[in-house]
Every structure is written in C-alpha cells, then in structure tokens.
Protein chains: 2
Amino acid sequence: MPDERRWVRMSEVAVAAKVSTMTVSRVLRSPEKVRPETCERVEAAIRHLGYVPDESASALSSRRSRVVGALVSTLGGSVFASTVDGLSQTLREAGYQLLLATTNYTPELEADFIAAMLARRPDGLVLTSTQHTRAGHRLLRSAGIPIVELWELPERPIDSAVGFSNRAAGKAITEFLADIGHQRIGFVGRPEPSDTRGQLRRAGYEDALAKRSLHAPRIVTPAGLGTDDPRAGAMGLTEMLARWPDTCAVFCSSDSVALGALSEARRRGLGVPADIAVAGFGDFEMASEHGLALTTVRVPGFTIGAQAARLISQASKRCVVDLGFQIVRRITA
Amino acid sequence: MPDERRWVRMSEVAVAAKVSTMTVSRVLRSPEKVRPETCERVEAAIRHLGYVPDESASALSSRRSRVVGALVSTLGGSVFASTVDGLSQTLREAGYQLLLATTNYTPELEADFIAAMLARRPDGLVLTSTQHTRAGHRLLRSAGIPIVELWELPERPIDSAVGFSNRAAGKAITEFLADIGHQRIGFVGRPEPSDTRGQLRRAGYEDALAKRSLHAPRIVTPAGLGTDDPRAGAMGLTEMLARWPDTCAVFCSSDSVALGALSEARRRGLGVPADIAVAGFGDFEMASEHGLALTTVRVPGFTIGAQAARLISQASKRCVVDLGFQIVRRITA
DNA sequence: TTGAAAGCGTTACCAA
DNA sequence: TTGGTAACGCTTTCAA
C-alpha cells in the first residue's frame with residue numbers, strides 16, 4: 001500500500017485562492033452563487049493542489065450524506081444485478097453514491113443490516129425484500145428518509161415501491177400458455193417461504209387455472225437447492241412428468257429454472273415445445289432470441305433500479321410505481 | 001417519506017447511562033476496555049433509546065471510514081456479480097461496508113469515479129479494470145490505502161491484485177480442445193479494445209495454436225454488440241463457418257457467447273460436439289451440468305471478491321494472488 | 001476503568 | 001458576492 005496520504009484540506013485551497021473556506025465550499029456546491037472570476041481562481045487552486053473534498057465532514061455538517069443504501073438478497077442468479085446496475089448509474093448521474101449490502105436471504109439479520117446502513121445516514125434506502133421483521137420494519141418507518149421497496153407492489157408499502165405484480169405476471173403467462181392450446185400446465189419453482197415473489201407467481205398460476213376452469217394445480221418445488229438453480233428445473237420436470245405424465249407445458253418460476261427444464265427435456269428426447277412447452281420468468285440475457293429463445297415474462301429490472309433512484313433523488317412523495325411486465329413469446333412455448 | 005427524524009446522539013445515551021460519551025464510544029468499539037456492569041448499563045441505554053451511531057462523525061474523527069469502494073465495469077452479463085457478492089459478504093463480516101459504482105466501460109470517466117470514491121475516504125479500493133488512465137493511475141497511487149485490482153494478474157500492479165491469468169486460461173482451454181482431438185479451432189469473442197481480458201484470452205488461444213503448430217489463428221469478433229451478448233456467438237459461429245468451413249471447435253470468450261454459438265449450431269442442425277465443439281469461459285450458472293452442460297473454464301469469481309476483501313480488512317502488504325482456473329469438461333466439447 | 005477537552009473538515013447562519 | 005463563527009457527533013489524547 002502506498003504511504004499514508006496527507007489529504008489537502010479545504011482551508012489550504014482557500015489560502016491558495018485567497019478566499020475563505022466558505023467560498024471554496026460554494027464553488028463546489030453552488031457555483032452559481034460565486035462570481036465567475038473567483039470561481040475560476042478557486043477551481044485552479046483545487047486542480048493545482050489535487051484537492052478531494054471529504055464527504056464525511058460534509059455529511060456531518062450538512063446532514064446530507066449523498067449516499068443511498070441498497071439491501072439486496074443476492075447479486076448472483078442474474079435477478080437483481082441489472083436492478084443494481086440501474087440504481088448505481090442513475091444515482092451517480094444525480095450525484096449520489098451507492099452503499100450496497102447483500103443479505104444472502106437471512107431475514108433474521110435484516111434489522112442489523114438496516115441499522116448498519118442507517119449509521120451512514122443515507123439520503124434514501126432501497127430494498128429488494130418486501131417482507132420485514134418487526135425490528136426491521138420499525139427502523140425503516142422511523143428512518144425519516146425515502147424508502148423504496150423493489151420488485152413487487154406491496155399491499156402496505158413502508159413508503160414507496162417500484163415494481164410489478166408478480167401474481168398478475170404468473171397469471172398472465174399461465175393464461176398465455178392456455179391460450180396457445182395447452183390444457184395441462186404445471187408449475188416448477190422454489191419452495192422457500194422466504195421467496196415471496198416466487199410464491200406470488202405460483203398464486204398467479206393458480207388464479208389462471210381457476211379462471212380457465214382447467215385442472216387442479218400441478219406444483220413441483222424441488223427442495224434443498226439454491227435460489228435459481230437450474231437443477232430445480234431438471235428435477236422439477238422429472239417429478240412433474242412422473243406425477244402427471246400428460247402435462248404438456250410448464251411455467252418455471254425463473255429463467256434459470258426453465259433452463260434446467262429445457263436441459264432435462266432434451267436429455268429425455270422430448271421435443272420443445274411439441275412434447276413439452278416451457279416458459280420462464282425474467283427474460284434474463286440467456287433467454288434471448290439467439291440464446292435459449294425462451295418464452296418468458298420480461299420484467300424491467302434495470303428500469304426498476306433507475307426509477308427507484310429517481311424517486312429518491314427527486315425526493316418524490318410516497319408512491320407505488322407499477323412498471324408492468326411483458327409476455328415474450330419465442331420458441332419454447 | 002416518514003417525518004424528519006431526530007437522531008439520538010451519543011451524549012444522550014451517555015446521560016441515560018450516567019457515563020461520559022467516551023465510555024459509550026468504548027462500549028461500541030472496544031467493549032473489553034469497559035467494566036462489564038458499565039457496559040451493560042450503556043447497552044441497555046442504547047437499546048432503550050434506539051441509538052444508531054453516526055458513522056460520518058466517527059469517520060471524521062477517527063480517520064477510518066470502515067467503507068471499501070468497488071469500481072466495477074458492469075453487474076450485468078453475470079461476470080462480476082458473484083465477485084461483488086463475495087466482496088460484500090466478506091467485507092461485512094469484517095465490519096466494513098461496500099460503496100459500489102459501475103463504470104459501464106467508460107474509461108474516460110475513471111478518474112472522476114475514483115475521485116468520487118476517495119471523497120468518502122475509503123479504507124480500501126477494489127477495481128475490476130487493470131488498465132487505467134493517467135489521471136486515474138495518479139489518484140490511485142497517491143491514495144494511501146490498499147488498492148486491489150481484480151480478475152487479472154497485471155504485470156505492474158498498482159498495489160495488490162487477486163485473479164488469474166486470462167492468457168494462461170485461454171491457452172489451456174485451447175490446448176484442451178486440441179488434446180481431445182480438434183485440429184481446427186476457432187476463437188469467437190468481442191472486439192472491444194477496452195476488454196483487456198478478452199484480448200488476453202485470445203492471445204492465449206494464439207499461444208496454444210503456435211505451441212501445437214496447428215493452423216493460423218481463426219478469429220471472429222462480431223462488431224457492434226454489447227459485452228457478453230449471445231448474438232456475438234451466433235453471428236460469430238456463422239462467420240467462422242463461412243470463412244473456415246472445416247472448423248471443428250470454437251473457443252468463445254465467455255459462456256454467454258458460447259450460448260449463442262450453441263443456439264446457432266442447433267439452428268443449423270449441427271451436432272454438438274459431433275459436428276462442432278463449443279467451449280465457453282466463466283462457468284456461469286447457466287453452464288452447469290443441468291443447464292447448458294457447457295465445457296468451459298471455471299474462474300473463482302466469488303472467491304476473488306472474498307479474497308480481495310480479506311486483503312483489505314487485514315491490511316495485508318502488497319501482493320498478487322493467483323487463484324487459478326479450471327477446465328471443466330461437460331458435453332459440448 | 002473513566003472522563004474532560006480539543007479537535008476531525010466541512011457547512012449553516014448571519015453579518016458585512 | 002463574500003467572510004467569520006459556531007456547530008455537526010464522534011474519537012483522540014492525556015490526565016485522573
């Protein structure tokens with residue numbers, strides 16, 4: 001590591017530019033309030049001395065940290081990565097920085113994570129979970145900053161929310177499968193109760209079956225696998241066909257799971273979609289036309305992040321933004 | 001947004017516990033230096049008042065921010081997501097928080113990004129790019145904190161580095177393809193000069209051809225596509241077979257690209273690996289046994305992040321850690 | 001083991 | 001348009 005650095009202080013810039021620290025501060029935060037010539041002199045001094053402001057001091061003094069915290073369950077599995085990307089880029093454009101923590105699906109620790117973020121006095125907080133522990137909920141409600149819950153439209157949001165209805169999406173894709181002629185549709189997903197969104201998609205699937213007066217739900221949720229593990233799809237399809245051999249379409253709770261189902265179908269020599277249709281969820285990169293060409297539900301991951309960033313940077317009032325979803329038909333169904 | 005919050009100050013905790021603020025501070029940072037009974041009294045007051053320390057003030061006073069900055073080109077495309085996951089989790093265990101910025105492959109802005117991070121006075125900085133602008137380089141060298149470059153072993157690292165040799169990996173997988181009987185091997189990848197790692201894999205590919213005295217390099221790099229776009233693989237395979245029809249194996253610069261190649265092969269009715277063998281790079285989740293079953297190079301993405309976190313939290317001295325890679329043979333080659 | 005005082009580097013507030 | 005002064009909430013340092 002390089003030698004301990006001595007940071008240049010604002011007062012040194014002030015001396016060099018023959019102004020007070022207040023003027024330097026103004027040049028940085030509201031240059032329009034400073035006479036152009038003064039401004040230039042200060043900027044020259046800043047460049048010359050290589051001054052980098054200390055945001056901790058700024059935050060302490062101004063009570064604005066220009067930081068936004070994000071609590072994400074995981075970055076693996078493609079699901080939230082693009083959302084964090086959208087957050088990060090959009091926040092930066094608005095002059096904020098992103099403090100990120102991955103909770104790895106451990107709700108018990110949620111309150112600790114939230115407290116750790118709040119210790120930085122962020123100007124906003126973003127969460128991908130919409131289910132909270134009592135302690136977490138209390139901390140969030142009393143934080144006094146915009147809170148945005150993502151990837152769902154909670155019935156009773158803490159503050160704001162940006163997402164779409166997982167239940168409506170599950171229903172829509174199931175109805176779509178029915179519309180294109182599939183009468184016996186199964187659901188392959190994850191069993192974890194902590195995966196609220198997966199549960200909602202499954203509920204949507206059941207809604208569709210009921211609405212169309214099809215059969216009783218055919219649900220398979222292989223246990224003991226990680227989130228979005230393709231094996232869930234492979235094992236799931238196997239179990240599905242064992243229990244209900246006449247199943248002609250499966251809706252998988254995510255594209256990764258659908259990939260596993262596709263792989264298992266191929267292994268069995270089953271034609272897709274002739275023998276078994278497969279639909280996924282997410283429209284991850286791999287689902288694209290020149291990839292798996294998967295029929296799936298496209299959800300606006302990046303936009304969710306970008307929109308959440310805007311809500312916070314514009315200090316919008318409480319709102320719930322439904323960004324919708326889209327059925328994308330490709331060749332697997 | 002909830003009403004503006006009045007945060008509880010340490011001095012209020014001190015009053016409630018009938019001690020000085022210093023004792024409260026000690027309870028938080030080094031409880032072993034405080035008499036157990038005092039400790040308990042203070043902790044009770046903290047819980048009772050719902051005190052959440054202000055890290056900005058702490059950072060300002062102690063000159064330790066307990067924040068580590070990470071500059072990542074992108075989170076999409078699966079490449080760095082698991083590394084950031086590893087970073088985030090491991091840093092948290094060590095009591096640090098992660099400040100994340102995605103640069104979206106814009107090297108001109110690198111210096112701005114670095115300066116923005118340095119403004120938080122992080123205790124360490126992690127970068128996925130190993131090529132820097134002059135300005136960026138200067139800032140990094142003089143930052144006075146541990147800097148860790150990831151996913152490559154730079155010849156002249158700024159400080160520390162954690163990764164593997166992309167060139168050796170490209171060479172190894174190409175030699176592997178030769179070993180299993182392929183005499184005419186092509187490379188499909190990305191053309192961007194900013195993608196140093198892709199270039200190095202390609203160089204490794206050429207190394208292998210030369211070493212085995214095979215043919216002249218057969219390199220195809222479809223232009224105008226995003227990083228890790230499966231279309232690059234689809235278009236790449238098409239072009240490869242047009243220019244060198246007898247090609248019997250392709251090494252793709254990433255698993256996403258390999259997915260595109262696989263898709264194109266299927267579209268053409270080409271057997272894999274009978275007619276054309278395909279190898280990828282990365283061993284992303286989709287490459288797994290129950291997914292694409294792709295022959296690929298496994299790289300320790302998560303571990304790279306975790307190890308970088310350790311280097312920083314343990315204030316290790318300058319070092320370059322080679323975490324290696326692994327050829328994973330599945331069914332596509 | 002505990003406490004008092006003096007910063008840490010910036011910005012709010014008010015005055016000139 | 002600019003500057004002086006007093007915080008901001010914590011930790012360092014030194015003394016008790």
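So, to kick off: in what sense do strand β6 and strand β8 of chain A pair, and over how many bridges? This is a predicted model, by the way. The pairing is parallel and runs over four bridges, joining residues 185–188 of β6(A) to residues 249–252 of β8(A). If you want one position to click on, Ile185(A) sits opposite Ala249(A) in β8(A).

Two helices pack on that sheet. Helix α8 of chain A, residues 166–179, touches β6, β8 and β9 of chain A, and its direction makes about 165° with that of β8(A). Then there's helix α10 of chain A, residues 230–243, which touches β6, β7 and β8 of chain A, at about 140° to the direction of β6(A).

Zooming out, the sheet is open, with four strands in the order β7-β6-β8-β9 in chain A, paired in parallel. β7 (219–220) and β9 (277–279) are at the edges with a single partner strand each, so one side of each has no neighbour in the sheet.

Okay, over to the helix pair. In chain A, the axes of α1 (residues 10–17) and α3 (residues 36–49) come within 9 Å and cross at roughly 125°. That makes α1(A) oblique to α3(A), and the crossing is right-handed. From α1(A), Glu12(A), Val13(A), Ala16(A) and Ala17(A) take part, meeting residues of α3(A) that include Arg41(A), Val42(A) and His48(A). By class, the contact has seven nonpolar, one polar and two charged residues.

Last stop, the DNA. Strand D has 26 residues around it, with Thr38(A), Met10(B), Ser25(B), Ala57(B) and Ser61(B) the closest. That surface splits into eleven nonpolar, ten polar and five charged residues.

Key
Residues numbered from 1 in each chain as written. Chains lettered and ligands numbered in written order. Predicted model: local features only at pLDDT ≥ 70, side-chain atom pairs only at ≥ 80, totals over all residues. Axes fitted to C-alpha atoms, helices over the stretch in contact; angles between N-to-C directions. Parallel < 35°, antiparallel > 145°, perpendicular 65-115°, else oblique. Left-handed = near helix turned anticlockwise from the far one by under 90°. Contact = placed C-beta atoms within 7 Å. Nonpolar A, V, L, I, M, F, W, Y, C, P; charged D, E, K, R; others polar. Near = placed C-beta within 6 Å. Pairing = 2+ DSSP bridges.
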